[in-house]
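Work through the exercises below with the model open. Each task is followed by its solution.

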Amino acid sequence: MRAVACCAVVAVGVPGAESLGAQRRPNTNGNDVARTRATVEPDCAPWDGAALAFWIPTERLGGPRNGWLSLRLWLPPTRAAGRYDFPDTTDRIGRVVHFVGLTSPKAIDWATQPREELRGVVQVDRVDTNHPVRLDLDFTAVTGTRLTGQIEAQWIGARIVCI
């Protein structure tokens with residue numbers, strides 16, 4: 001996996017931003033429960049260009065309850081709208097991975113977390129940091145798990161400068 005040491009985080013947050021930690025709320029037993037909503041935040045492409053990182057709970061796409069889809073689009077927000085096929089054989093568009101048994105993106109252990117590569121398509125509507133990003137997804141894992149549906153990803157995180 002690629003480390004994001006390339007990037008500097010700027011103190012100014014995205015309008016309406018909420019950190020991953022703030023997405024947690026206590027349940028009636030007093031335990032922390034991760035909210036099951038899709039998120040999007042600025043990211044850096046492998047070559048340090050602007051990119052977007054989406055985290056999508058698989059239960060929202062007809063998949064297992066403890067699973068998350070990680071979608072990386074290695075495009076700046078101004079060029080991210082469109083239809084994309086995965087896997088990306090050009091290594092210029094992005095990557096999509098299903099993390100199996102993951103209760104929250106915050107809980108990920110990048111070295112050991114079980115994962116499946118996915119094949120399929122995503123349609124991204126207009127990307128504007130003042131509004132949620134709508135995605136139409138249709139993915140299938142090699143195990144046959146199908147993750148499909150329409151979601152809206154809420155913006156989180158700080159602005160990132162890729163250098």
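**Exercise 1.** Leaving aside neighbours within four places in sequence, list the residues in contact with Leu69.

Solution. Contact means heavy atoms within 4.5 Å. Beyond the excluded neighbours, Leu69 touches Phe54, Trp55, Ile56, Thr58, Leu61, Val96, Val97, His98, Leu118, Phe139 and Leu147.
The model is predicted, so local features need pLDDT of at least 70 and side-chain atom pairs count only at pLDDT 80 or more, while totals for chains, interfaces and linings use all residues. Residues are numbered from 1 along each chain as its sequence is written, and side-chain values use heavy atoms, without hydrogens and water.

**Exercise 2.** Which strands does S8 bridge to, and in which direction do they run?

Solution. Strands here are DSSP runs (E, at least two residues), numbered from the N terminus, and two of them pair if DSSP finds at least two bridges between them.
Step 1: S6 (residues 67-73) and S8 run antiparallel, joined by seven bridges; Leu71 has Val96 in S8 as its bridge partner.
Step 2: S8 and S9 (residues 115-124) are also antiparallel, with three bridges; His98 is partnered with Glu116 in S9.

**Exercise 3.** Which strand supplies the largest share of the largest nonpolar core?

Solution. Such a core is a set of buried (under 20% relative accessible area, 1.4 Å probe, protein chains only) Ala, Val, Leu, Ile, Met, Phe, Trp, Tyr and Cys residues joined through side-chain atoms within 4.5 Å.
Step 1: The largest has 27 residues, and Leu69 and Leu71 are among those with the most contacts inside it.
Step 2: S10 gives the largest share, five residues.
Step 3: A second, separate core of six residues includes Trp55, Trp68, Phe99 and Ile108.

Technical notes: Helix = DSSP H or I, 4+ residues; strand = E, 2+ residues; numbered from the N terminus. Buried < 20%, exposed > 50% of the residue type's maximum accessible area, 1.4 Å probe, protein only.
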